[in-house]
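Biologist: I am new to protein models, and I would love a close look at one part of this one. Could you start with the whole chain and then zoom in?

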Amino acid sequence: AKMAAATSDLLTGWCLFGLALLAILIFCWVYVRKYQSRRESEVISTVTAIFALAVALISSALLPVDIFLVSYMKNQNGTFKDWADANVSRQIEDTVLYGYYTLYSIILFCVFLWIPFVYFYYEEKEEDDGNTCSQVKTALKYTLGFITICAVLLLIGAFVPLDIPNKKNSTEWEKVKLLFEEFGSSHGLTALSFSISSLTVIGMLAAITYTAYGMSALPLNLIKGTTSAAYERLENTEDIEEVEQRLLRIKSKCRDGRPLSSRDRRAVQQLEEKLRTLRRRERHLESIEKSWWMKFCEAIRPLKIVWGVFFIIVALLFTVSLFLSNLDKALHSAGFDSGFIILGTNLTNPLNMLLPVLQTVFPLDYILITTIVMYFIFTSMAGIRNMGIWFFWIRLYKIRRGKTRPQALLFLCMILLLIVLHTSYMIYSLAPQYVMYGSQKYLVQVRCNPFFFLKKKGSCLLYQKLLFALLLDQCIVTRTYLFLHKFWFFSAAYYFGNWAFIVVFLIGLIVSCCKGKKSIIEGEVDEDDSDMSDDELSVYYR
């Protein structure tokens with residue numbers, strides 16, 4: 001009967017996983033098609049973008065699954081379930097670990113081979129309409145550079161020393177080493193871990209740039225809303241009349257046959273370009289004003305304000321928790337040589353206080369942690385959409401509804417893949433104890449005297465300095481935690497990255513508060529757009 005119950009739970013889990021996977025694929029297809037250019041869409045770039053985005057979302061879901069599995073193996077009284085013996089628990093842990101390595105291997109394949117190849121193939125197709133063979137050869141030539149970087153990272157990871165001499169003889173570092181002993185020392189897996197950790201550092205930089213800004217811009221844009229289409233049309237009409245009058249004044253200088261000066265010719269050219277842009281804006285505004293979609297958005301305006309307030313509260317909770325967690329590491333960790341790793345929490349934060357309360361009502365704690373992961377992903381999407389794709393100070397592409405070039409979509413998906421890699425560490429920084437142990441309880445016997453033993457139970461999440469419980473295998477550590485801290489120097493980089501994330505978020509919050517309402521056609525019509533088409537009005541505004 002117990003085996004049948006376990007099998008039933010397993011089948012239910014697989015069914016839920018299948019439904020979640022189907023929902024992710026549908027969302028990815030809708031999202032890519034929503035922003036994809038109608039004139040420049042290609043099957044290969046579309047499939048690549050959908051697949052990469054799906055991999056990013058599935059990878060982000062591994063953390064809640066990992067936490068759930070280590071918690072599900074134990075009862076509320078701290079004892080292991082009948083079916084969760086040592087071999088079964090080890091198999092579950094290994095399955096989660098292999099799931100991480102499988103998805104992370106796919107991410108390596110996408111970042112270093114598939115996405116670069118499709119990007120360069122499409123670039124060659126635009127520049128040269130020759131045969132397919134030459135385009136493939138050129139794309140492979142450029143992709144070879146990415147493959148070389150991946151090979152170098154794998155080689156470094158296979159031979160990088162993990163044991164760092166501990167000059168301070170810190171007790172915290174000794175405890176951490178005990179955790180790593182059970183993680184194994186396979187050079188192949190170490191090489192993969194090093195490569196993924198290297199990409200995670202890049203993902204950290206992307207999160208600092210895009211996610212931190214998206215966390216402030218998304219809720220404030222929802223609260224402030226956009227300008228009225230009718231008001232913008234009135235202003236645009238006035239601008240058109242002003243430009244036309246300036247053009248007439250300049251052209252009137254050559255009525256008697258005299259040629260215009262070079263300065264006037266340049267002015268005429270600039271004014272004519274501006275007039276074309278203004279007339280294009282007029283067509284967009286007219287289409288939006290008549291669309292049913294805008295009327296629907298106006299009807300749900302109060303709901304948007306509610307969501308904006310909710311998102312800004314979550315962002316502030318996120319930032320305060322991250323600050324307190326980082327401050328705890330700064331004050332109580334073993335320092336730089338240990339990657340600022342700390343066992344237990346000395347300074348609690350709002351999220352760590354909230355999770356134990358939610359654990360009393362299943363599955364509120366899992367819903368919260370899944371919501372935070374999804375919030376992190378969607379604010380990243382919002383940040384990329386608002387800022388566009390940048391290379392230092394050079395803007396490469398814009399992300400616009402129905403007009404995004406295939407190359408920009410590939411860049412967007414690659415950035416999201418890198419940000420997802422950093423998501424696990426961000427969640428760990430917010431709730432370190434919860435990411436380590438989930439909702440597990442422990443039950444141990446403590447010797448009070450030679451004739452008397454006392455049974456001690458409690459929450460693995462709340463108990464401080466759990467070394468004795470770990471040695472007795474009472475609290476199972478998630479594979480996520482061990483994976484995050486395999487290399488101390490990457491952990492140190494993530495620690496400093498968290499401080500940078502907080503600073504960028506605060507700057508973005510101030511900038512977003514000072515900015516006025518967005519235009520209702522923000523990003524739809526710009527003079528510097530190279531892929532603009534006068535006759536390509538978004539299908540979402542019809």
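What percentage of the 542 residues in the protein chain is buried? And which residue forms a salt bridge with Glu-232 in helix 8?

Modeller: Happy to help! This is a predicted model, where local features need pLDDT of at least 70 and side-chain atom pairs count only at pLDDT 80 or more, while totals for chains, interfaces and linings use all residues. Residues are numbered from 1 along each chain as its sequence is written, and side-chain values use heavy atoms, with hydrogens and water left out.

Of the 542 residues in the protein chain, 49% are buried (under 20% relative accessible area; exposed is over 50%, and partly exposed is in between, using a 1.4 Å probe and protein chains only). The chain has 18 helices and 4 strands (DSSP runs, H or I of at least four residues for helices and E of at least two for strands, numbered from the N terminus). Among its contacts (heavy atoms within 4.5 Å) with a separation of 6 or more, 79% join residues 24 or more positions apart.

Now to your close-up. The structure holds 3 salt bridges (a side-chain nitrogen of Lys or Arg within 4 Å of a carboxyl oxygen of Asp or Glu). Side chains of opposite charge can pair when their charged atoms come close. Glu-232 pairs with Arg-281, and their closest N and O atoms are 3.1 Å apart. Glu-232 sits in helix 8 and Arg-281 in helix 9 (residues 262-290), so this pair ties together parts that are 49 residues apart in sequence. With a relative accessible area of 6%, Glu-232 is buried.

Move along to Arg-233, which forms a salt bridge with Glu-282, the closest N and O atoms being 3.0 Å apart. Arg-233 lies in helix 8 and Glu-282 in helix 9, so here too the parts tied together are 49 residues apart in sequence. Arg-233 is partly exposed because its relative accessible area is 24%, whereas Glu-282, at 17%, counts as buried.

One more pair is made by Arg-279 and Glu-244, with 2.9 Å between the closest N and O atoms. Arg-279 in helix 9 and Glu-244 in helix 8 are 35 residues apart, so the pair links distant parts of the chain. Both partners are partly exposed: Arg-279 has a relative accessible area of 39%, and Glu-244 has 30%.

Helix 8 spans residues 229-251, and Glu-241 belongs to it too. On the surface, Glu-235, Glu-238, Asp-239, Glu-241 and Glu-242 gather in a patch of negative charge (patch residues have over 30% relative accessible area and no salt bridge, with like charges joined within 9 Å and nonpolar side chains within 5 Å). Glu-241 counts as partly exposed because its relative accessibility is 43%.

For contrast, look at Thr-423 in helix 14 (residues 406-430). Its relative accessible area is 2%, so Thr-423 is buried. Leaving aside residues up to four places away in sequence, Thr-423 touches Val-373, Phe-376 and Ile-377.

Finally, find Trp-393 in the loop between strand 1 (389-391) and strand 2 (394-397). Trp-393 counts as exposed because its relative accessibility is 71%. Together with Phe-391, Phe-392, Ile-394 and Leu-396, Trp-393 makes a nonpolar surface patch of about 640 Å².

Conventions: Areas by Shrake-Rupley, 256 points an atom, 1.4 Å probe, with all protein chains shown as cover. Lys, Arg positive; Asp, Glu negative; His and termini not counted. Charge placed at Lys NZ, Arg CZ, Asp CG, Glu CD.
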